[in-house]
Amino acid sequence: MALSPISGRDCDGCTACCAFPPIHSEELRKPANTLCVHCVEGGGCSVYSARPTVCRGFYCGWFFLPELGPEWHPNNSGIVLRSESFEDNAVTLLILRLSPFLVSEEFAATVGGWIEADIGVEFERLGPPAHLPAKMRINELLVDAVAARDLREMQKLFAWSLAHIDNTHEWEADSTPMLSHLRA
Ligand code: SF4
Ligand code: SF4
């Protein structure tokens, strides 16, 4: 079932999804974790009316989950929910930066709720520019702390998971050349 974005939600100057994903469309190619040549930081897309289908159709998960408040907006949380993962009964949280929100009770309660509902939860991190991201499932790691409502232990395990990805993953280079046929 196709989800519809919630009315009134806005990117509000965020341009994260013009940078983190690799794009392989006919009109536009770019490697992962590289800002699109058409993206003006803080100003958005400079070829908006001509942007490719892949850009027109993408909304992050904040647009679809009414239970997430403004603190979950990527500008505030530093987290992008990968809405593609919803189709697999999973939530992939691309953690762009280590924001104070990651140690909030709201974050722990929501992630804990997903784990208790048997929804797969993955943490994802970006590698160096022009490298593919990496992710890990955290359900099994967190299940006891969630059941015990142990906020401190959950926070420790969140931090451990992020450090584990950052410190142990062998980042794979993305050799996609930057290429665009788009004109404003
Ligand atoms: S990550 Fe979400 S809020 Fe940010 S630009 Fe993409 S769709 Fe908009
Ligand atoms: S074409 Fe526009 S919307 Fe698409 S990635 Fe580039 S800047 Fe973003």
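So, ligand 1: the residues around it, meaning those with a heavy atom within 4 Å, are Cys11, Cys14, Ala16, Cys17, Cys60, Phe63, Pro74 and Val80. By class that shell has 8 nonpolar, no polar and no charged residues. Here Ala, Val, Leu, Ile, Met, Phe, Trp, Tyr, Cys and Pro count as nonpolar, Asp, Glu, Lys and Arg as charged, and the others, Gly among them, as polar.

Quick note on what you're looking at: this is a predicted model, where local features need pLDDT of at least 70, side-chain atom pairs count only at pLDDT 80 or more, and totals for chains, interfaces and linings use all residues. Residues are numbered from 1 along each chain as its sequence is written, chains are lettered from A and ligands numbered from 1 in the order written, and side-chain values use heavy atoms, with hydrogens and water left out.

Now, what surrounds ligand 2? That's Cys18, Ile23, Leu28, Cys36, His38, Cys39, Cys45, Val47, Pro52 and Cys55. This shell divides into 9 nonpolar, 1 polar and no charged.

On to the sheet. Four strands, E5-E6-E7-E8 in that order, make an open sheet with mixed pairing; strands are DSSP runs of E, at least two residues, numbered from the N terminus, and two of them pair if DSSP finds at least two bridges between them. At the edges sit E5 (79-82) and E8 (134-137), each pairing on one side only.

Inside, E6 (residues 90-95) and E7 (residues 120-125) run parallel, joined by 5 bridges. Leu94, for one, has Glu124 in E7 as its bridge partner.
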